[in-house]
Structures are given as C-alpha cells and as structure tokens.
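Trainee: Could you take me slowly through one part of this structure and show how it is set into the rest of the protein? I would like residues, distances and burial treated together.

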Amino acid sequence: MSSGGLELPPGDNGHEGGPADAAGATPGGVPAGAVSLAPQATGSVARAGAELDWSAEAWSEVRTRAQRAGRAYIWLNLIEQRLRSVVGAVLRPVYEPVHGGDDWVVAAAGPAGQEWVQRAVAVREVSRRKGYLLDSADDNVLSFLTLPQLRELMVQHWPCFEPYFDDRREIELALDELEVTRNVVSRNRALSRAVLEQAERASARLLEVLGGGAGSPSADRLPIDAVEDLVGDRYADVISVHPDRVRLQRQLPAEDLFGGARRLDAIGIGLNLLVQNFSGRRLVRLTEAGCRVRLLFLNPASSAVKRRERELGLRKGELSRSVEMNILHVRRVRAGLRDPSRFEIHVFDETPRFTAYLVEGQSSGIAVVQSYLRRARGMESPVLVLRGGGRGVPKDADHGLFTTYREEFESVWEDSRPVS
C-alpha cells in the first residue's frame with residue numbers, strides 16, 4: 001500500500017510505479033512524478049487541430065493521471081463519509097432536539113457558516129428536482145457538506161468532540177495534508193506521486209484516529225485499504241508483490257507478520273524469514289499466548305539439499321549446516337514451552353518448490369510465498385503476499401492462492417517426519 005502498508009501488483013508501462021514515475025524532471029520542466037498534457041511550444045507555427053492528436057506517450061500519461069486521481073478520490077471519499085458520520089453522531093443529539101429536522105445543521109453552522117450551509121441547502125433542492133438523489137439516506141443537508149465544511153463544524157464545536165478524540169492537532173494536520181490532494185482531484189489537475197503517497201498516509205492515520213481503522217498492525221497485519229476493497233477481485237487474493245524479501249520486510253516487518261498470530265504454518269528449506277527475524281523469546285511468548293506452530297524444514301541430510309547447494313554455487317555442506325542450525329534453534333524454543341505439543345517441527349525429503357508462511361489471526365489470515373529460483377537465494381526471490389480468511393476476502397477465495405498453498409502445505413506435512 002502504499003501508505004497503510006499495502007501495494008497492488010504493478011500494471012503496464014505508464015501505470016503507477018512505471019516509467020512515468022522515473023526520478024528527475026521530465027522534458028519540458030515538469031517536476032518528477034507530475035503529469036503534464038499541455039502541448040509543448042515548438043519553433044514552427046502550430047497547425048490547427050494538431051493538438052487533438054494524442055500519441056501513445058500522451059495516452060500513457062493520461063492513464064497515470066487517472067490512476068492516481070482514482071486512488072486519491074477513494075481515500076478522500078472514505079474520509080468524507082467517516083467525518084460526516086462522526087459529525088452527525090456528535091452534533092445531532094445536541095442541536096436536533098431544539099431545532100429539529102435538517103435545521104440542526106444550519107444552527108450548528110452558526111453565523112460564521114451561514115453562507116456555505118445555505119449553499120448546501122440549495123444544492124440539495126436542485127438535486128431533488130433533477131432526480132440526482134438516488135439514495136434516500138442522502139436526502140439531508142449533512143450529506144451535501146464538503147470536507148472543509150465538516151472540518152469547520154468539528155473545529156467550531158471541539159468541546160463536543162474532545163471526549164471522543166484525544167488530539168485535535170493531529171486531526172487538523174491530517175486534514176491540512178488532504179486539502180492539497182482534494183483541490184487537485186476536484187479540478188482534475190496533475191497529481192504527483194509524492195502528494196498521492198502523502199494523502200494515503202494522512203488518510204490511513206485519520207481513519208485510525210476517527211475510529212475507522214483496523215487497529216494495530218500486529219492485530220490484522222495488513223489492514224484492508226480502500227483500493228484493495230474495490231479491485232481486489234481482479235488479483236484473486238494477491239494483495240502485494242515485491243521483487244525480493246528485502247523490500248517485503250520494509251513494508252511488512254516480521255513483527256507485523258507474525259505478531260498476534262493464532263496459527264502459524266511454515267514450509268521451506270531453512271525458514272530464515274521466521275528464524276532469523278523473529279526472536280526465540282518472542283516465539284515462546286507467541287506460543288504461550290495460544291498460537292499453534294507447525295514448522296516444516298527440508299531435511300538437511302537429504303539429497304535435495306546437496307542439489308540446492310550446487311545450484312547456488314555453495315560449498316559442500318554449507319546449506320545443510322545452516323538448516324541444521326535453524327532446526328536446533330527452534331528445538332530450543334520448543335524445549336522452553338510449558339506445552340511443547342503446540343509447537344511441532346517436521347522435516348521433508350522432497351525437492352523444495354516454494355517457501356510459504358501461512359499466518360492466521362483472530363479475524364484474518366495472510367501468507368508470504370516465494371518460489372525457489374535456480375540461481376537466486378530466498379532473500380533475492382520475488383515475494384507474493386496473499387490475503388486469506390476473514391473479512392474483505394473475495395467471494396471466490398476458495399479458489400485463491402492462499403487455499404492452494406494451504407493444501408500444498410498439508411500434503412507435504414502428511415508425508416513428513418517429526419523432529420525429536
């Protein structure tokens with residue numbers, strides 16, 4: 001993401017994160033990350049109607065502009081709806097008993113907001129006459145207030161909101177950051193990548209402050225963002241793709257991935273992502289808190305390890321010793337548990353095809369999956385992050401990749417041998 005910890009798989013050239021976002025200024029003096037469709041002046045006299053022709057590059061820029069504006073609009077829409085709900089929940093009980101109907105909004109705006117609230121009333125009347133009100137729930141003045149007007153109501157009546165929100169300054173700063181994006185999107189102007197990312201971070205922070213977030217990262221690891229909600233079906237249950245494990249861990253640290261897990265199943269050669277990035281003490285606490293752990297290592301004495309050493313150009317026995325050390329480490333962790341039966345360690349002798357960490361929490365699941373490449377170590381291989389189980393999963397999640405890798409894990413687990 002972007003900001004809330006989520007990323008969508010990259011599209012073709014010119015989409016978000018493609019060549020249109022290359023560092024440095026573009027020709028013609030356009031700042032890096034911005035998109036310009038203005039015709040460039042040339043030394044020759046412009047031919048009438050020449051600017052009506054768009055090249056492939058111009059169409060690519062248009063797609064980039066629309067894609068950024070679309071992402072920003074989704075976040076702004078979420079914030080506006082959440083803020084409208086908060087303002088209504090707090091101020092309606094104060095003003096409606098006295099003023100009744102929609103007049104409570106007019107009364108709450110007061111003399112300072114008389115102009116813009118009357119404009120909202122007029123817009124609602126026009127929408128009624130022209131049939132623009134498609135949902136009866138929107139037939140009220142509050143639904144026609146803009147984000148700055150909702151903010152003004154909140155600021156004017158902060159003593160009413162103070163019992164529910166701790167930090168007024170944090171809310172105002174986040175709304176300030178969003179105002180630039182709102183202005184650009186509402187007028188269909190070019191939105192730079194830096195401003196979009198800033199808006200996404202501010203939106204995620206504001207939703208959390210206003211009670212619309214998903215809690216701490218370790219509770220659900222990757223909270224579902226607005227973009228995933230809208231286009232998640234397009235990518236099955238894949239929610240992000242990373243070129244290597246280094247970039248994955250910047251976006252999704254081991255603590256956020258494994259912390260708060262209720263079930264942890266992992267399969268791979270040495271399971272370095274878990275063993276080397278999540279301390280043994282933390283694993284003990286996680287298991288004692290009720291997490292069930294099943295770890296499946298490649299047998300360090302198998303011929304498959306020797307073949308993998310040759311593929312990677314390692315010295316004989318180097319990889320097998322590394323796997324043995326990891327197994328010894330998790331055995332020590334298991335020995336320190338009150339109930340070792342909740343922490344199972346197995347080895348398998350088959351050719352390793354992938355490494356997967358299947359993590360399930362209270363309400364959602366997540367998986368990190370990598371295929372083994374012939375000449376690349378696990379740290380250098382591409383990574384898929386999958387959503388599994390719980391809310392927000394596509395309707396056809398039974399046919400998603402999470403389920404596929406879960407079935408593969410169970411199949412290998414049945415044919416594996418326990419480590420004493």
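**From one side chain to a helix and its surroundings**

Mentor: With a relative accessibility of 12%, Q149 counts as buried (buried is under 20% relative accessible area, exposed over 50% and partly exposed in between, with a 1.4 Å probe and protein chains only). Before going further, keep in mind that this is a predicted model, in which local features need pLDDT of at least 70 and side-chain atom pairs count only at pLDDT 80 or more, while totals for chains, interfaces and linings use all residues. Residues are numbered from 1 along each chain as its sequence is written, and side-chain values rest on heavy atoms, with hydrogens and water left out.

Q149 belongs to helix 4 (helices, H or I of at least four residues, and strands, E of at least two, are DSSP runs numbered from the N terminus). Its side chain comes to 3.0 Å from the backbone nitrogen of T146, a polar contact (N or O atoms within 3.5 Å; within protein, one able to donate a hydrogen and the other to accept it, with sequence-adjacent residues counting only if both atoms are side-chain atoms). When neighbours within four places in sequence are set aside, W116, R119 and F144 are in contact with Q149 (heavy atoms within 4.5 Å). R84 lies 65 residues away from Q149 along the chain, and the two C-alpha atoms are separated by 9.9 Å.

Helix 4, residues 147–156, is also one of the elements against which the buried residues of helix 6 pack, together with helix 1 (56–99), helix 5 (158–161) and helix 7 (193–209). Helix 6 is the part I would like you to look at closely. It runs over residues 168–186, and its 19 residues span 26 Å from the first C-alpha to the last, close to the 27 Å expected at 1.5 Å a residue (1.5 Å times one less than the number of residues). Helix 6 nevertheless carries a kink of about 25°, centred on L178 (the angle between axes fitted to the seven residues ending there and the seven starting there). L178 is itself among the buried residues of helix 6, along with I171, A174, L175, T181, V184 and V185, and so the kink is centred on a residue that is buried.

Now consider the two ends. At the start of helix 6, a side-chain oxygen of D167 reaches to within 3.0 Å of the backbone nitrogen of R169. Just after the helix comes N188, with a positive phi of about 55°, although N188 is not a glycine. N188 sits in the loop between helix 6 and helix 7, and because its relative accessibility is 53%, it counts as exposed. L271 makes a useful comparison: this residue, also not a glycine, has a positive phi of about 55° and is found in the loop between strand 2 (263–268) and helix 12 (272–275), but L271 counts as buried, because its relative accessibility is 2%.

Burial also groups residues elsewhere in the protein. The largest nonpolar core has 56 residues, of which F258, L295, F297 and F343 touch the most other members (buried Ala, Val, Leu, Ile, Met, Phe, Trp, Tyr and Cys joined through side-chain atoms within 4.5 Å). Apart from it lies another core, of 40 residues, including A108, A199, L207 and L210.

F343 leads us to E288, a residue of helix 13 (280–288): the C-alpha atoms of E288 and F343 are 9.9 Å apart, with their positions 55 residues apart along the chain. E288 is partly exposed, since its relative accessible area is 30%, and beyond its neighbours within four places it is in contact with G336, L337 and R338.

A polar residue may also be buried, as Q370 in strand 6 (364–371) shows with a relative accessible area of 2%. The side chain of Q370 makes a polar contact with that of R245 at 3.0 Å and reaches the backbone oxygen of G378 at 2.6 Å.

Finally, set these details against the whole protein, which has 16 helices and 8 strands and in which buried residues make up 42% of the 420 residues. Among contacts with a separation of 6 or more, 74% join residues 24 or more positions apart.
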